[in-house]
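Please read this report with the sequence and the structure side by side, and look up each part as it is named. The headings follow a path from one pair of helices to the protein as a whole.

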Amino acid sequence: MPQQSAQPETTPTDITPTGSTPAGATQVVKDGAVKKNAHEAHEEAAKPSPEPGVPTAPSAPRMSIVVIAYNQQTQIEHALTSVMEQTSADFEAIVVDDHSTDSTLSVINDTVSNDARFHVIERSENGGAHLARHTGIAATKGEYVLFLDGDDTLDPDAVQRLTAAMDERKTDILRFGLTAVASDQANEQLAKQVESNLNVSVGRQTGADVLRSVFSHEWQNRATWSVVDCAYRGDMARAAFAQMTDASLGRLEDAYEFFVLAQCAESMDYMMDYHALNYTFGTGISSAGSATAEKFGASLQGMRRTLDAVLDFARTAKDPDAKACARDFAHYVHDLLADNWSARLSLEDGEAAFPQIRQVWGDAVAGYVAAYAWGRRSVYLDEHGLSLGDMDRNGVLSAWEGYVRMCGDAAMSQKPADGVGEEDRAASLIDEGAQPLAMRDFEWMRAVDAQVEGERAEALKARIEQASKREAKRKVSQAERANSVKARVRSKGKRLLLKAVDVARQH
């Protein structure tokens, strides 16, 4: 499932949660021809199709399916067909074209023009997956809601089985299973891994544990935050999206959406034995293989905006659990940033991208990113008994260590007296007066450096002591052997002396 945004990612966007319809959602196309506003589209949705044999729209659909698409002209027809061919007709489909620049919108209109259950919204500007979903759910009126991306497909029984399950379980969120479909051969193995990682159940949760079971590091086994493999109670989901930002986000935007949804939900259940979704994997940045410097640079901006949105929402929620989970999510984002920078980019691209990390995230986070990557490689060397020279012939580890010291010194010198760095707002702790998260991690890294040096000294001391003990034991063993030899010599000498005395007596 690719990211749905082609909007250039420049500087972090100021985020103010709002319940208004997102900017850019100005046109609604009904039956691929007549343009109407959102209110008129609602009214039209309740009217049956005048053409005989054409599916009619239910006046109060049990399920609303929000389909979003951006430049997916070759995949969107399959997605829409999988919705049209549902065994239950009791649904409405809101299809949002996120200002595609190819023929996606034409394919959408041609596919659904004779089906009154489908309502097409054409956004006037590209805003990404979050704004497309935000636009789509505002037009829904179903008892339950599903989200579908333009390159994914639904199982034919999805509406029927998920509606029945939601009726039976009385839950705000129902997470179901999915089948990951690799976009190409290079991603087949990783797609299997992703499928295994996403199809995880932690059992029914209620209250604060809905959020904590997904985002809290206190939970050893956590559930995923993917939004497309869940069915939602419609009123809850619409209320949750009304609290979300109407700004474009970017990478990890589904984590922000699920954070708000989970905070608003009273219960979440699992139905992992039923794979309702065929999930296309391999077209985004999380696919197999190396990332380009351009794509990595764009993801920096998106990750920053998404983390900003999560932290802003947690502040307004005034809930200790939300604040704690937001802090844990910030840790995850920093670690993911470090992983992608150190493992997905070539040495040259990584060197070129590091100034972007400093610019977008600030010195404290950049220092932590380099420290995290450097630390993991150093641990690998240590675990395999290798020296720095064995693995650093190209100088990458030395360069990373240089980044750590450079950024760390800069961040420490910029640290304000009260410990709150507004320039690193997205990385800051939630609690007022606390120091920046990445700054704390950098200081922790320095403490760990000292601890590691201490542990190395202790280990060396222990090895010396062990060697001394071995040497002492060897000396004792040598002494014992020498004493044994002396004893044998004395014994033999005594025998020889007695024999000599006997001989002398005989003569």
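## Two helices side by side

In this predicted model, helix 2 passes helix 3 in a right-handed crossing. Helix 2 covers residues 76-84 and helix 3 covers residues 104-112, and the two pack at an angle of about 25 degrees with their axes 9 Å apart. Because angles under 35 degrees count as roughly parallel, helix 2 is described as roughly parallel to helix 3. Two packed helices are described by the angle between their axes and by the distance between those axes.

Which residues make the contact between these helices? On the side of helix 2 they are I76, E77, L80 and M84, while helix 3 contributes T104, V107, I108, T111 and V112. Sorted by the character of their side chains, the residues of this contact divide into six nonpolar, two polar and one charged.

## A covered helix

Is helix 4 mostly covered or mostly open? Helix 4, which runs over residues 129-138, is mostly covered, since nine of its ten residues are buried. The buried residues are A129, H130, L131, A132, R133, H134, T135, G136 and I137.

These buried residues of helix 4 pack against several other elements, which are spread along the sequence as the residue numbers show. The strands that they pack against are strand 3 (63-69), strand 4 (91-97), strand 5 (118-122) and strand 6 (144-149), and the helices are helix 8 (234-242) and helix 9 (253-264).

## Salt bridges within a helix and across the chain

Side chains of opposite charge can pair when their charged atoms come close. The structure holds 17 salt bridges, and one of them joins the side chains of R169 and D269, with a distance of 3.7 Å from N to O. R169 lies in helix 5 (residues 158-169) whereas D269 lies in strand 11 (residues 267-281), so this pair ties together parts that are 100 residues apart in sequence. R169 is partly exposed, with a relative accessible area of 28%, but D269, at 12% relative accessibility, counts as buried.

Other salt bridges stay within a single helix. The side chains of R238 and D235 meet at 3.0 Å, N to O, and both residues lie in helix 8, three residues apart, which is about one turn of the helix. D235 counts as exposed, at 52% relative accessibility. An α-helix has 3.6 residues a turn, so residues three or four places apart point the same way.

A similar arrangement is found in helix 10 (residues 293-317), where R315 and D312 are three residues apart, again about one turn of the helix. Their side chains meet in a salt bridge of 3.1 Å, N to O. R315 is partly exposed, with a relative accessible area of 27%, and D312 counts as buried at 11% relative accessibility. Elsewhere, salt bridges that share partners join D209, R212, E218 and D321 into one network.

## The protein as a whole

How many helices and strands does the protein have? There are 16 helices and eleven strands, and of the 507 residues of the protein, 49% count as buried.

Contacts can also be sorted by how far apart their residues lie in the sequence. Among the contacts in the protein with a separation of 6 or more, residues 24 or more positions apart account for 82%.

Terms used:
Residues are numbered from 1 along each chain as its sequence is written. This is a predicted model: local features need pLDDT of at least 70, side-chain atom pairs count only at pLDDT 80 or more; totals for chains, interfaces and linings use all residues. Side-chain values use heavy atoms; hydrogens and water are left out. Buried means under 20% relative accessible area, exposed over 50%, partly exposed in between (1.4 Å probe, protein chains only). Helices (H or I, at least four residues) and strands (E, at least two) are DSSP runs, numbered from the N terminus. Contact means heavy atoms within 4.5 Å. Axes are lines fitted to C-alpha atoms, for helices over the stretch in contact, and angles run from 0 to 180 degrees between N-to-C directions. Angles under 35 degrees count as roughly parallel, over 145 as roughly antiparallel, 65 to 115 as roughly perpendicular and the rest as oblique. A crossing is left-handed if the near helix is turned anticlockwise from the far one by less than a right angle, and right-handed if clockwise. Ala, Val, Leu, Ile, Met, Phe, Trp, Tyr, Cys and Pro count as nonpolar, Asp, Glu, Lys and Arg as charged, and the others, Gly among them, as polar. A salt bridge is a side-chain nitrogen of Lys or Arg within 4 Å of a carboxyl oxygen of Asp or Glu.
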